[in-house]
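Got the viewer open? Let's take a walk through the empty spaces and the packed parts of this model, one selection at a time.

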Amino acid sequence: MMKKITLTLLLAYLQIAIVFAQTDDEKSAFQLSFFPPLSTQGVRAPEYTNAVSFNILAGVSKNVTKFSFSGLGMYVKEDLSGFHLSGLGTIAGNNGSGIMISGLLNKTSDFQGLQFSGLANMSNQTDGIQMGGLGSIAMGDMNGFQFSGLINKAKYANGIQIGGLMNLSDELNGFQFSGLINRAKNVNGFQIAGLVNAAQEVNGFQIGGLVNIAKSVNGFQFGTLLNIADDNDYPFGLVNIIKNGGEMSLGVTYNEVGTTMLSFRSGGRILYGIVGIGFCHELSDNKFMTEAGFGAHIPISSRFRINNELKGNMVTFTSKETTSHYSFSIMPAFKILPKWEVFAGPSIVFLDTDNLDNKGMFPSNHIWKKFEDDKLQQLYIGFSVGTHFIF
């Protein structure tokens, strides 16, 4: 009985309110809606500009200028401004400004302010902040900040994009950070990705967990595994493929503890990466070692330069032994032929092993050493010498 009385009173109120709400200029300070057309403005609700719209389930208005609340959702034919809260979504056919918070979706044409949703934010142009549980999308310009659990997309991003999986834009002036992938056509700023950064023109830098790809880089690339570019003097990765002005080489090096290493070097005019595999005859057990490192050329003349290399050589293919040889080498390098270079120079070396049978490989000279019952460590001056063919 109580429910019937409540519903009867609500319907009566809505009917009375319809009469008083219908004014010549089709503006109202307040709209109450249960579900269209069951509202204070009835079937004419889409013609009204409301300052406040309170929707028990859902509502529709022409414009909303101050505040709206919707248990499920709200549709505004034209513009909305102010603060808007909905359980599922708020959609405006034209522009929005202020704050939009919804459980699933916020959608406008152009928006200024803050959009926050559990699922997605969509707009043509955004000046402000978009925060979506899954995605934030600006089909045109994004001036400000986009944050989402999965993907951010903007045609022109001027500001910051932070995506759990991916950021996409044609033009980026600012910063992209994602767990997996960043992609932009032109970048003026920087990209940081857990896996891959991709761009055509980069004025700034790319930092990728595995791979960076660009056509032209005015700055540097840092990729743990691979950097690819047409033009880049400063790639920082183990393998770097630079089309114009880049350099790759295959050669042999030998150091003071008897390690002979077959090494592949690749990079730009200045920075390069090093990977290799080799053999150390001084090791007591497993004599195979792997090599990884980074280097920098200091050009002096067409046939002479100084190669600076930071490398680590480690025993591999075994779980019984850990032996590591870390070195920083300064090596003058001479091109005896246009494609053939020889180099040699001193190194500062840190040698570490937990196999006490390798004690004989430690040099007598040292800067510092610590020999214990289960570990041998020493810092000393060593050397590196080698040659490689450049292609």
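Two cavities of 30 Å³ or more turn up in this predicted model. For the largest cavity, select Asn 255, Glu 291, Lys 311, Asn 313 and Ser 384, the lining residues that lie nearest its centre. The space in there is about 90 Å³, and 15 residues line it. Strands E22 (247-255), E23 (259-267), E26, E27 (323-337) and E30 (376-390) each give two or more residues to that lining. By type, the lining splits into three nonpolar, nine polar and three charged residues.

Next, pick Arg 265, Tyr 272, His 297 and His 388, which are among the residues lining the second largest cavity. This cavity holds about 60 Å³, and E23 supplies the largest share of its lining, three residues.

Keep Glu 247 on screen, since the list for the second largest cavity includes Glu 247. Glu 247 also sits with Arg 269, Pro 299, Arg 305 and Lys 335 among the lining residues nearest the centre of the largest pocket. That pocket has a volume of about 160 Å³. Its lining has two nonpolar, six polar and six charged residues, with strands E25 (288-299) and E26 (304-315) each giving two or more.

Now for the packed parts. Which residues touch the most other members of the largest nonpolar core? Select Met 142, Ala 154, Ala 157, Leu 172, Val 187, Val 202 and Val 217, out of 13 in that core. Zoom in on Leu 172: its contacts further off in sequence than four places include Ala 157, Val 187 and Phe 190.

Last stop: a second, separate core of twelve residues, including Val 257, Leu 283, Met 289 and Leu 376.

Technical notes. Residues numbered from 1 in each chain as written. Predicted model: local features only at pLDDT ≥ 70, side-chain atom pairs only at ≥ 80, totals over all residues. Heavy atoms only, no water. 1 Å grid on protein atoms, 1.4 Å probe; cavity = no way out; pocket = protein on both sides within 12 Å on 5 of 7 lines; lining within 4 Å. Points joined across faces, edges and corners; volume = space filled by probe spheres on them. Helix = DSSP H or I, 4+ residues; strand = E, 2+ residues; numbered from the N terminus. Nonpolar A, V, L, I, M, F, W, Y, C, P; charged D, E, K, R; others polar. Core = buried A, V, L, I, M, F, W, Y, C linked by side-chain atoms within 4.5 Å. Buried < 20%, exposed > 50% of the residue type's maximum accessible area, 1.4 Å probe, protein only. Contact = heavy atoms within 4.5 Å.
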